[in-house]
Amino acid sequence: MAKGKDVRVRVILECTSCVQNGVNKESPGISRYITQKNRHNTPSRLDLRKFCRHCHKHTIHGEIKK
């Protein structure tokens with residue numbers, strides 16, 4: 001039987017440099033990625049270097065709450 005909490009969860013990664021520059025959260029000016037992580041192996045927040053389409057360079061994308 002499946003348990004109530006799945007091991008792999010869906011997370012949203014958001015560009016940290018766009019957020020620091022003061023871009024409005026609802027505007028399309030923030031780069032976001034959707035990925036999955038293993039809750040048991042990575043219990044802390046995830047930070048990955050991804051390409052930001054608005055900054056036109058690779059920046060750190062951090063995990064945000066849904």
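Okay, let's start with S17: its relative accessibility is 19%, so it counts as buried, with the cut-off being under 20%. Bear in mind that this is a predicted model. In the fold, S17 belongs to helix 1, which covers residues 16–20. And what does S17 touch, once we set aside residues up to four places away in sequence? Those contacts are C55 and T59.

Next, the pocket. The largest pocket comes out at about 160 Å³. Which elements give two or more residues to its lining? They are strand 1, residues 8–15, and strand 4, residues 57–64. If you want to click through the lining on your screen, it includes R10 and V11, then K37 and R39, and also T42, P43, S44 and R45. E63, I64, K65 and K66 are in the lining too. As for chemistry, seven of the lining residues are charged, three are nonpolar and two are polar.

Last stop, the rings. How many aromatic pairs do we get? The count is zero. Y33 does have charged company, though: K50 lies over its face, 4.8 Å from the ring centre. R53 also has its charged end over the ring of Y33, and there the distance to the centre is 6.0 Å. So if you're looking at Y33 in the viewer, bring up K50 and R53 along with that ring.

To recap: S17 is buried at 19%, the largest pocket has seven charged residues in its lining, and Y33 has K50 and R53 over its ring. That's it from me.

Definitions and conventions
Residues are numbered from 1 along each chain as its sequence is written. This is a predicted model: local features need pLDDT of at least 70, side-chain atom pairs count only at pLDDT 80 or more; totals for chains, interfaces and linings use all residues. Side-chain values use heavy atoms; hydrogens and water are left out. On a 1 Å grid over the protein atoms alone, a cavity is a set of points where a 1.4 Å probe fits but cannot get out, and a pocket is an open set with protein on both sides within 12 Å along at least five of seven lines; lining residues have an atom within 4 Å of a point. Grid points are joined across faces, edges and corners, and a volume is the space filled by probe spheres set on the points. Helices (H or I, at least four residues) and strands (E, at least two) are DSSP runs, numbered from the N terminus. Ala, Val, Leu, Ile, Met, Phe, Trp, Tyr, Cys and Pro count as nonpolar, Asp, Glu, Lys and Arg as charged, and the others, Gly among them, as polar. Buried means under 20% relative accessible area, exposed over 50%, partly exposed in between (1.4 Å probe, protein chains only). Contact means heavy atoms within 4.5 Å. Rings of Phe, Tyr and Trp (its six-membered ring) pair if their centres lie within 6.5 Å; planes under 30 degrees apart count as stacked, over 60 as edge-to-face and the rest as tilted. A charge sits over a ring if NZ of Lys or CZ of Arg is within 6 Å of the ring centre and within 35 degrees of the ring normal.
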